[in-house]
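I opened this entry to keep track of what I looked up. Rings come early, then a helix pair, then the backbone.

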Amino acid sequence: MSLFDKCAETVRRFDYVKAHNQYFYFREFEPTAAPFVNLAGKRLMMLGANNYLGLSNHPKVIAAAQAAIAKYGTGAGSSRVLTGTSPLHVQLEKKLAEFKGTEDAVLFSSGFMAMMGTVATMVDDGDVVLSDSLNHASIVDGCRLSRAEKRIYRHDDMASLEEELVKCAAFANRLVVTDGVFSMKGTVANLPEIRRLADKYDAAVMIDDAHGAGALGKTGRGTAEHFGLEGKIELTCGTFSKALGSYGGFCATTHDACTFLKFTSRAAVFTASPPPSVAATVLACLEVMDEEPELMDRVRRNSQFMKDGLKQAGFRLEDTITPIIPILIGGDARTFKMAGGLQDEGVVVNPVVPPAVPKEGSLIRVSLMATFTLEQLDQALGKFKKVGRALGVV
Ligand SMILES: Cc1ncc(COP(=O)(O)O)c(C=O)c1O
């Protein structure tokens with residue numbers, strides 16, 4: 001196969017799915033009054049975004065971003081380590097450390113780079129990293145890049161983790177890595193048991209809490225807060241691309257580990273700094289979370305309302321306590337048809353098929369925002385029922 005044959009093959013595959021109304025990628029959404037969007041002139045309800053608290057549209061957040069652009073311009077112009085650091089970046093690192101209950105935090109230019117760069121840099125030759133089989137691609141790539149040995153334990157299977165840990169005594173250091181919230185299924189890692197096993201076998205713990213912030217814990221601080229383990233996780237990485245209204249990522253940990261990552265993580269050093277307006281945006285999001293705790297209550301209320309309604313209608317759901325609702329449809333073709341039917345009815349969702357989920361695990365991924373009213377969600381439920389019945393899903 002020549003270098004470009006595989007590209008042509010990919011195009012042929014997508015031509016096929018487009019012709020069969022199974023293509024739901026790179027849709028060009030225009031903004032309208034949030035939480036609605038426009039697609040090809042049609043107003044749709046957005047039940048597929050990770051903007052859980054609606055903060056990317058919050059007036060205070062938008063004003064903070066605009067003020068930072070007016071003051072600093074649109075780009076940072078360099079890597080953090082050289083001339084790309086502004087007072088806003090430093091202020092945000094302090095605020096994130098406070099948010100996660102750690103000594104310090106270090107910014108990365110995306111969530112993907114935060115996860116990948118942290119794993120790849122923290123463990124090295126002679127160490128071992130133990131990773132949940134369903135961890136996000138950014139962790140998988142971090143494991144690939146690291147010189148450490150890799151062990152994959154069965155998803156959310158603590159016996160499997162312990163089996164692996166028992167065999168790892170000879171390594172210099174052990175690092176257990178897990179998503180806090182698994183992004184496709186919305187389920188939560190068993191962090192208390194992971195912490196207990198890590199202590200028993202002298203391992204450190206890293207969580208990718210991309211979907212935990214804003215969604216879990218009384219004050220939205222994430223998975224560790226949910227389990228009362230704040231400050232007890234050695235490395236907590238996160239993203240600004242979900243509840244924190246922007247784009248970029250971070251790792252919250254000890255002051256020494258932050259300094260180490262800042263100078264030795266290639267994903268942090270050899271890339272441009274996030275624009276100062278990103279730092280201003282995230283600072284404003286964190287302030288709004290403190291000032292408007294009702295946003296966390298509303299996203300939970302909305303998620304519960306939708307889960308109850310879907311269950312009552314006969315849909316099969318994986319049990320979750322997050323704003324991510326995975327609806328098990330059965331079969332890739334029917335999953336695409338469900339997404340297509342909902343889009344025709346004015347509701348945007350994400351069809352998720354292998355390899356993003358295990359074989360036979362195709363699902364419709366619904367994600368909730370605090371900004372919906374119950375009346376709007378009730379209307380959406382009506383559409384789910386209509387399309388689900390037509391396809392024989394319920
Ligand atoms: C669990 C998880 N980790 C990491 C990432 C990467 O974050 P980002 O989109 O900010 O690069 C995502 C989102 O795509 C995610 O869902």
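**Aromatic rings**

I started with Tyr23, which counts as partly exposed because its relative accessibility is 25%, between the 20% and 50% cut-offs. I am working from a predicted model throughout.

Next I looked at the partner of Tyr23. The ring centres of Phe14 and Tyr23 are 5.7 Å apart. Their planes stand at 85 degrees, so I noted the pair as edge-to-face. Phe14 is also partly exposed, with a relative accessible area of 33%. Tyr25 joins Phe14 and Tyr23 in one aromatic cluster.

I then checked for charges over rings. The charged end of Lys18 sits over the ring of Tyr23, 4.9 Å from the ring centre. Over the ring of Phe36 I found the charged end of Arg43, 3.8 Å from the centre.

How many aromatic pairs are there in the whole structure? My search gave six.

One of the pairs is Phe315 with Phe384. This pair is edge-to-face, 6.2 Å centre to centre, with 90 degrees between the planes. Phe315 lies in the loop between α12 (294-313) and β11 (316-317). Phe384 belongs to helix α14 (residues 374-390). The two are 69 residues apart, and the pair links distant parts of the chain. Are these rings buried or exposed? Both Phe315 and Phe384 are buried.

**Helices α12 and α14**

Phe384 led me to the packing of its helix. The axes of α12 and α14 come within 10 Å and cross at roughly 25 degrees. An angle under 35 degrees counts as roughly parallel, so I logged α12 as roughly parallel to α14. The crossing of α12 past α14 is right-handed.

Which residues meet there? On the α12 side I listed Arg301, Asn302, Phe305, Met306, Gly309, Leu310 and Ala313. On the α14 side they meet Leu374, Leu377, Asp378, Ala380, Leu381, Phe384 and Lys385. Phe384 therefore goes down twice in my notes, in the ring pair and among these contacts.

**Backbone**

Most residues other than glycine have a negative phi, and most peptide bonds are trans. I went looking for exceptions.

A cis peptide bond joins Pro354 and Pro355, with omega at about 10 degrees. Pro355 lies in the loop between β14 (350-352) and β15 (363-367). Glu360 lies in the loop between β14 and β15 as well. Phi of Glu360 is positive, near 70 degrees. Glu360 counts as exposed, at 72% relative accessibility.

Asp202 also has a positive phi, near 55 degrees. I placed Asp202 in the loop between α7 (191-200) and β8 (204-208). At 57% relative accessibility, Asp202 is exposed.

Methods: Residues numbered from 1 in each chain as written. Predicted model: local features only at pLDDT ≥ 70, side-chain atom pairs only at ≥ 80, totals over all residues. Heavy atoms only, no water. Phe/Tyr/Trp six-rings, centres within 6.5 Å; stacked < 30°, edge-to-face > 60°. Buried < 20%, exposed > 50% of the residue type's maximum accessible area, 1.4 Å probe, protein only. Helix = DSSP H or I, 4+ residues; strand = E, 2+ residues; numbered from the N terminus. Lys NZ or Arg CZ within 6 Å of the ring centre and 35° of its normal. Axes fitted to C-alpha atoms, helices over the stretch in contact; angles between N-to-C directions. Parallel < 35°, antiparallel > 145°, perpendicular 65-115°, else oblique. Left-handed = near helix turned anticlockwise from the far one by under 90°. Contact = heavy atoms within 4.5 Å.
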